[in-house]
Amino acid sequence: MPEQVMSARENAILWMNASNLDESAKKEIEALLENQDELDETFLNSLEFGTGGLRGIMGIGTNRINKYTIGMATQGFANYLKSQFSEKIKVAIAFDSRNNSAHFAQTTANVFSANGIEVYLFDELRPTPQLSFAIRHLGCHAGVVITASHNPKEYNGYKAYWSDGGQIVPPHDKNIIEEIKKIKSIDEVNFNAKTALIHTLDSEMDDAYISMIKRLSLSPDAIKSASDTKIVYSSIHGTGITMVPRALNELGFKNVHVVEEQKNPDGNFPTVVYPNPEEAEAMSIALEKAEEQDADMVMATDPDADRVGIAVKNTKGEYQLLNGNQTGALLVYYLLSKWHEKGLKGNEYIGKTIVTTELIRSIATSFNTNCYDTLTGFKWIANMIREKEGKEIFIGGGEESYGYMIGEEVRDKDAVASSVMIAEMAAWAKTKQLYVFELLINIYKDHGFYYEELKSITKKGLKGADEIRKMMIEFRENPPSTLAGSKVTTTIDYQEQIKFDEEGKKEDVNLPKSNVLQYLTEDGTKVSIRPSGTEPKIKFYFSVMSKLENDDYFSTQEKLKNKVHNLLKDLNL
């Protein structure tokens with residue numbers, strides 16, 4: 001449409017005329033002006049805050065991650081912070097191993113300091129959860145980490161945090177966006193750093209963070225008796241290398257083997273297609289090393305070390321990758337077992353997201369412990385902890401996408417603390433003459449075999465976003481009545497905040513609005529549909545369950561896989 005073309009062109013020309021823009025950026029924009037499709041992709045829209053900040057492909061343009069969009073976001077954030085606090089404002093800043101992350105972190109520090117805000121900047125790349133810890137430890141009002149988590153190498157991002165150490169939630173996220181929208185030119189960004197206001201965070205913060213993780217330990221005796229547990233660890237070229245091996249060692253695990261080929265931080269992630277421990281390919285080198293070493297366990301963290309994937313030996317003696325739901329269930333079972341030993345008081349709880357396995361709820365119920373759901377994204381778990389602080393105690397929890405949190409001292413998913421707790425869980429299982437996989441099978445015996453699959457459909461660009469929007473409209477207007485031969489008994493529309501049964505009886509959903517649909521069936525199947533907040537994808541989460549037949553994991557899993565296949569057919573996927 002002509003007005004959209006003009007809008008993209010006008011945005012580009014506005015940038016070109018800015019005195020803050022450097023010459024190389026001007027040349028890039030001049031080239032874009034000759035390519036309308038590229039111009040639309042880079043300048044028609046502006047990056048928006050998704051599940052806690054900015055995320056996008058690096059490059060020039062209003063719809064890209066660059067020095068100027070980072071600067072505008074920081075200027076808007078600074079303006080908002082100054083409107084909210086009258087005292088001296090403090091922020092903490094961290095960054096991961098991605099290309100340009102250190103540069104973007106310094107840009108963020110410069111803009112905050114230029115606005116009179118005290119800045120605490122990590123001197124080297126560090127895990128995202130350490131930024132959350134630092135905010136709380138230093139009493140900061142806010143924080144930023146430069147990361148795009150496990151996205152492809154072309155991406156980077158900007159995650160914004162509030163004073164509780166959690167990612168920003170309403171009303172702050174929308175208010176910050178409004179402040180950013182008020183900035184019409186990059187000349188309104190103050191890039192002139194006040195270096196006296198920028199302080200370096202060094203090994204002292206590392207020591208404080210490690211001390212906190214050590215305080216979470218529940219089975220020091222089990223670690224002593226199983227200190228030789230052989231662990232292969234990969235940081236997949238990310239920040240985990242700075243903290244995970246040290247944390248495991250200081251807790252008492254003395255047989256940790258780091259994957260040398262992947263230990264050096266590198267934003268090009270040269271040994272993997274995607275730096276995501278959810279992907280088997282990203283774990284392949286670590287699995288090869290585990291075979292060579294005859295390791296007990298494999299662990300790998302994503303580039304900003306907030307997610308961890310594991311592999312353990314199954315009953316056939318083969319290494320098997322566990323999915324995020326399985327690892328989360330094992331962690332929750334272990335945490336509740338130990339808390340039960342010392343005496344649960346009744347005000348403790350577990351937290352999970354709406355798309356995470358219901359096995360976690362079943363485990364929590366068996367320990368007479370509440371399990372609360374939140375929307376997808378760890379910012380909502382952090383928000384729940386803040387709301388319940390002083391009344392109820394968060395033991396732990398997580399989400400299906402390999403993110404877990406232990407205790408309340410960090411308010412974001414923490415792969416460092418989780419790696420340690422997973423190793424401790426394995427050591428504890430050993431004292432009961434169980435391998436981790438055997439422990440998982442015992443849980444399935446008691447609670448049923450819950451099997452989950454995720455189907456992601458990528459739809460890139462403006463056209464893709466429109467296709468995703470139309471898919472959600474279609475599911476809302478024409479919901480399924482049966483799925484895999486089982487009647488849909490409950491439909492939940494989180495956008496409309498309503499739940500209704502097959503007879504149309506409605507109930508309110510007491511969670512914030514979110515573009516998510518869920519269908520629950522008579523036989524316990526759960527299907528969740530949501531567009532991603534950080535990637536050009538629409539995601540379908542399938543959860544099916546049955547009894548563990550004849551104690552046979554593999555035949556039961558095959559039966560449940562077939563059921564998911566039927567669900568995919570029913571939804572034309």
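**Note on helix H7, a pocket and the cysteines**

1. The lining of the second largest pocket is made up of 12 nonpolar, 5 polar and 3 charged residues; here Ala, Val, Leu, Ile, Met, Phe, Trp, Tyr, Cys and Pro count as nonpolar, Asp, Glu, Lys and Arg as charged, and the others, Gly among them, as polar. Helix H1 (2-16), H4 and H7 each contribute at least two residues to this lining.

2. This is a predicted model, in which local features need pLDDT of at least 70 and side-chain atom pairs count only at pLDDT 80 or more, while totals for chains, interfaces and linings use all residues. Residues are numbered from 1 along each chain as its sequence is written, and side-chain values use heavy atoms, with hydrogens and water left out.

3. In helix H7 (residues 172-182), the buried residues (under 20% relative accessible area, 1.4 Å probe, protein chains only) are His-172, Asp-173, Ile-176, Ile-177, Glu-179 and Ile-180. Viewed down the axis of H7, these buried residues fall within an arc of 160°, so they line one face of the helix. The face turned away from the buried side of H7 carries Lys-174 and Lys-182, which are exposed (over 50% relative accessible area).

4. Against what do the buried residues of H7 pack? They pack against helix H4 (67-84), strand E5 (155-162) and helix H14 (378-388), where contact means heavy atoms within 4.5 Å.

5. A search of the whole structure finds 0 disulfides, a disulfide being a pair of cysteine sulfur atoms within 2.5 Å. Cys-140 is buried at 3% relative accessibility, and Cys-371 is buried with a relative accessible area of 11%.

How values were computed
Helix = DSSP H or I, 4+ residues; strand = E, 2+ residues; numbered from the N terminus. Arc of directions from axis to C-beta.
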